[in-house]
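Here is a short briefing to read beside the model. Keep the sequence and the 3D view open while going through the points.

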Amino acid sequence: MKPKLVVSGAAGRMGRRIVALAAQSGDFELAGAVDVAGHPDLGKDAALLAGAESMGVVLSSEHPKAADVMIDFSLPAATDTAVEYCIKNNVALVLGTTGLSDEQNAMLDAAAKKIPLIQASNYSVGMNVLFGLVGKVAVMLGGDYDIEITEAHHRFKKDSPSGTALSLAEKIAEETGRDFPGCLVHGREGKDALRTEGTIGMHAIRAGDITGEHSVVYGTLGETVTISHSAHNRDNFVRGALRAAKWLTGKEPGRYSMNDVLGL
Ligand code: NAD
């Protein structure tokens, strides 16, 4: 039996690709395509809207009665409702929305006692390999290497810095014993903006239609080491999220990670 999938934020940039690639894969039955009340595309065929063949589901502001797994890439304002729906209907949750509050993160911990869920700031396989690497590189290089993270995204991105940049910093902080998020310095300006030891600098660029660029720069006197990742289009996130949805369906309640999905 194919997992019954509900896509939340289905009319968005990510949501449409999720619907399209889910349709192409043949791995899922589309049970619902949800977007915000008042969206101009409500009532239209969700797969046709996404440029795929119809799966007989229209875009709706209502969640379907039955589903196995939800993929949500929408807005933090939609997250509470998505989580409540999943708990009430015993639906596994793959959450891609970034910019969640601390309260929402705590809510996810509580929800994971009742349903299986994954929340990841970046579903790309390459970036998840980097998550495993960046802290180890910092430890290997040692304390004399200043660490700065740059990220670049399209002009429409609301949150800053990106959830991925924060995850990179958190992994480095974990492995090097820095206080997170206390070690972060966001941007740098003014006459007294000298770098202080142990901090991790964060710099966000917003321009045009950049899908996603992240670099971790480790610099000391005499050399710089840079680890970079470029997303060429959104499909790498979508493929990772669909892989996560397939893997998560039917799992015991718990908060899982992409490491679990990818066996890293
Ligand atoms: P988008 O603005 O194109 O799409 C968001 C969609 O959510 C819109 O269609 C909007 O109408 C809809 N929406 C708003 N309120 C809603 C509600 N209450 N219920 C259901 N839908 C609602 O944005 P996007 O570029 O598709 O990005 C969506 C989210 O995914 C952002 O938070 C972004 O940062 C995140 N993202 C995460 C990853 C990852 O790998 N984790 C990758 C890319 C984007």
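How far is a nitrogen atom of the ligand from a polar backbone atom of A120? The distance is 3.0 Å. The model is predicted. Two open sheets organise the points below, one of seven strands and one of five.

**Ligand surroundings**

- The ligand has 22 residues around it, and R13, M14, D35, T98 and Y123 come nearest.
- D35 makes its approach through the side chain: an N or O atom there is 2.4 Å from an oxygen atom of the ligand.
- Y123 uses the backbone instead, where an N or O atom lies 2.9 Å from an oxygen atom of the ligand.
- A120 also uses a polar backbone atom, but its partner in the ligand is a nitrogen atom.

**Seven-stranded sheet**

- The strand order is β3-β2-β1-β4-β5-β6-β12, and the pairing is parallel.
- At the edges are β3 (59–60) and β12 (254–256), each of which pairs on one side only.
- Two bridges link β3 to β2 (residues 29–34), in the parallel sense.
- V34 has S60 in β3 as its bridge partner.
- Helix α7 (residues 235–248) packs on this sheet and touches β1 (4–8), β4 (69–72), β5, β6 and β12.
- The direction of α7 makes about 160 degrees with that of β5.
- Helix α4 (residues 102–111) lies across β5 (92–95), β6 (116–119) and β12.
- Relative to β6, α4 runs at about 150 degrees.

**Five-stranded sheet**

- Here the order is β8-β9-β7-β10-β11, and the pairing is mixed.
- The edge positions belong to β8 (184–186) and β11 (223–231), and each pairs on one side only.
- On average, neighbouring strands of this sheet are turned by 20 degrees against each other, direction ignored.
- Helix α5 (residues 125–141) packs on the sheet, in contact with β7 (146–153), β10 (212–220) and β11.
- The direction of α5 makes about 170 degrees with that of β11.
- β8 and β9 (residues 200–206) run parallel and are joined by three bridges.
- Within that pairing, L184 has I200 as its bridge partner, and H186 stands opposite M202.
- β7 and β9 also run parallel, joined by seven bridges.
- On the β9 strand, H203 stands opposite T150.

**Two buried residues and their contacts**

- T199 sits in the loop between β8 and β9.
- Is T199 buried or exposed? T199 counts as buried because its relative accessibility is 11%, under the 20% limit.
- Leaving out residues up to four places away in sequence, T199 touches I147, R178, C183 and V185.
- F237 belongs to helix α7.
- F237 is buried too, because its relative accessibility is 14%.
- With residues up to four places away in sequence left out, F237 touches M14, N122, Y123, S124, T211 and A231.
- Among these contacts of F237 are M14 and Y123, both also listed with the residues that come nearest to the ligand.
- A110 is 127 residues from F237 in sequence and 26 Å from it in space, C-alpha to C-alpha.

**Cysteines**

- How many disulfides does a search of the whole structure find? It finds zero.
- C86 counts as buried because its relative accessibility is 0%.
- C183 is also buried, with a relative accessible area of 6%.
- C183 is one of the residues that T199 touches.

**Backbone geometry**

- S160 and P161 are joined by a cis peptide bond, with omega about -5 degrees.
- P161 is placed in the loop between β7 and α6 (163–176).
- F180 and P181 are likewise joined by a cis peptide bond, with omega about 10 degrees.
- P181 lies in the loop between α6 and β8.
- N90 is not a glycine, yet has a positive phi of about 55 degrees.
- The loop between α3 (76–89) and β5 holds N90.
- N90 counts as exposed because its relative accessibility is 57%, over the 50% limit.

Technical notes. Residues are numbered from 1 along each chain as its sequence is written. This is a predicted model: local features need pLDDT of at least 70, side-chain atom pairs count only at pLDDT 80 or more; totals for chains, interfaces and linings use all residues. Side-chain values use heavy atoms; hydrogens and water are left out. A disulfide is a pair of cysteine sulfur atoms within 2.5 Å. Buried means under 20% relative accessible area, exposed over 50%, partly exposed in between (1.4 Å probe, protein chains only). Two strands pair if DSSP finds at least two bridges between them. Helices (H or I, at least four residues) and strands (E, at least two) are DSSP runs, numbered from the N terminus. Contact means heavy atoms within 4.5 Å. Axes are lines fitted to C-alpha atoms, for helices over the stretch in contact, and angles run from 0 to 180 degrees between N-to-C directions. A residue is near a molecule or strand if one of its heavy atoms lies within 4 Å of it. A polar contact is a pair of N or O atoms within 3.5 Å; within protein, one must be able to donate a hydrogen and the other to accept it, and residues adjacent in sequence count only if both atoms are side-chain atoms.
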